[in-house]
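Me: I'm new to reading protein structures, and I'd like a close look at one part of this one. Could you walk me through the aromatic rings and how they sit together, with a little background on the whole protein too?

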Amino acid sequence: MVGKKDTVPPIKLIFSSVDVYLLQASRIRYSDVPQAVKDYITANYSSFEVCPAAEKYILADSSVQYVAYMRLDKVHKWIRLQADGTLVCSH
C-alpha cells in the first residue's frame, strides 16, 4: 500500500506472484461509480443492500474496473465490473 498517513486514502499496488504489475486499487464511494455499474447492480442485485464504500481498479492496460460490496441478510457478496457495467466476476 502506498499513501501518506492521515492525508489521502492509500492506494494498493497489486503484482502477480512473479512480480508483474497487475493493477492499482483505491477506495471510493459507491455514489462515485459510473451509472452503468449502478444500473447493472440495480438490475441484478436489487434485493441486496449495497455498501457505501467501493473500489476503483486501474489495470496495467489502463482500463478501469469497479468493485462493489453488498449483503443480503448474512450473505456477503462483492462484484467486479468494467466501467461500462459488464460483469467481470463475483464472489
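Reply: Let's begin with a word you will need: two residues are in contact when heavy atoms of theirs lie within 4.5 Å. Counting contacts in the protein between residues at least 6 apart in sequence, 36% join residues at least 24 apart. Please keep in mind that this is a predicted model.

Here is the background. The protein has 1 helix and 6 strands, and their pattern along the sequence reads β-β-α-β-β-β-β. Its C-alpha atoms fill a box of roughly 40 × 30 × 25 Å, taken along the principal axes. Of its 91 residues, 25% count as buried.

Now for the aromatic rings. Searching the whole structure turns up 3 aromatic pairs. One of them joins Tyr40 and Tyr45: the ring centres are 6.5 Å apart and the planes meet at 50°, so this pair is called tilted. The reasoning is that planes under 30 degrees apart would count as stacked and those over 60 as edge-to-face, with the rest called tilted. Tyr45 also pairs with Phe48, where the centres are 5.6 Å apart and the planes are at 80°, so that pair is edge-to-face. Tyr40, Tyr45 and Phe48 together form one aromatic cluster.

How covered are these rings' residues? A residue counts as buried when its relative accessible area is under 20%. Tyr45 has 12% relative accessibility, so Tyr45 is buried. Phe48 has a relative accessible area of 17%, so Phe48 is buried as well.

For contrast, let's turn to the outside. The accessible surface of the protein comes to about 6,100 Å², and 55% of that belongs to carbon and sulfur atoms. On the surface, Ile14, Val18, Val20 and Leu22 make a nonpolar patch of about 320 Å². Val18, one of these patch residues, lies in the loop between strand S1 (11-15) and strand S2 (21-29). The relative accessible area of Val18 is 63%, and because exposed means over 50%, Val18 counts as exposed.

To put the two views side by side: Tyr45 is buried at 12%, whereas Val18 is exposed at 63%. When you look at the model, try finding the cluster of Tyr40, Tyr45 and Phe48, and then look for the patch that includes Val18.

How values were computed:
Residues numbered from 1 in each chain as written. Predicted model: local features only at pLDDT ≥ 70, side-chain atom pairs only at ≥ 80, totals over all residues. Heavy atoms only, no water. Phe/Tyr/Trp six-rings, centres within 6.5 Å; stacked < 30°, edge-to-face > 60°. Buried < 20%, exposed > 50% of the residue type's maximum accessible area, 1.4 Å probe, protein only. Patch = residues over 30% accessible without salt bridge, like charges linked within 9 Å, V, L, I, M, F, W, Y side chains within 5 Å. Areas by Shrake-Rupley, 256 points an atom, 1.4 Å probe, with all protein chains shown as cover. Salt bridge = Lys/Arg side-chain N within 4 Å of Asp/Glu carboxyl O. Helix = DSSP H or I, 4+ residues; strand = E, 2+ residues; numbered from the N terminus.
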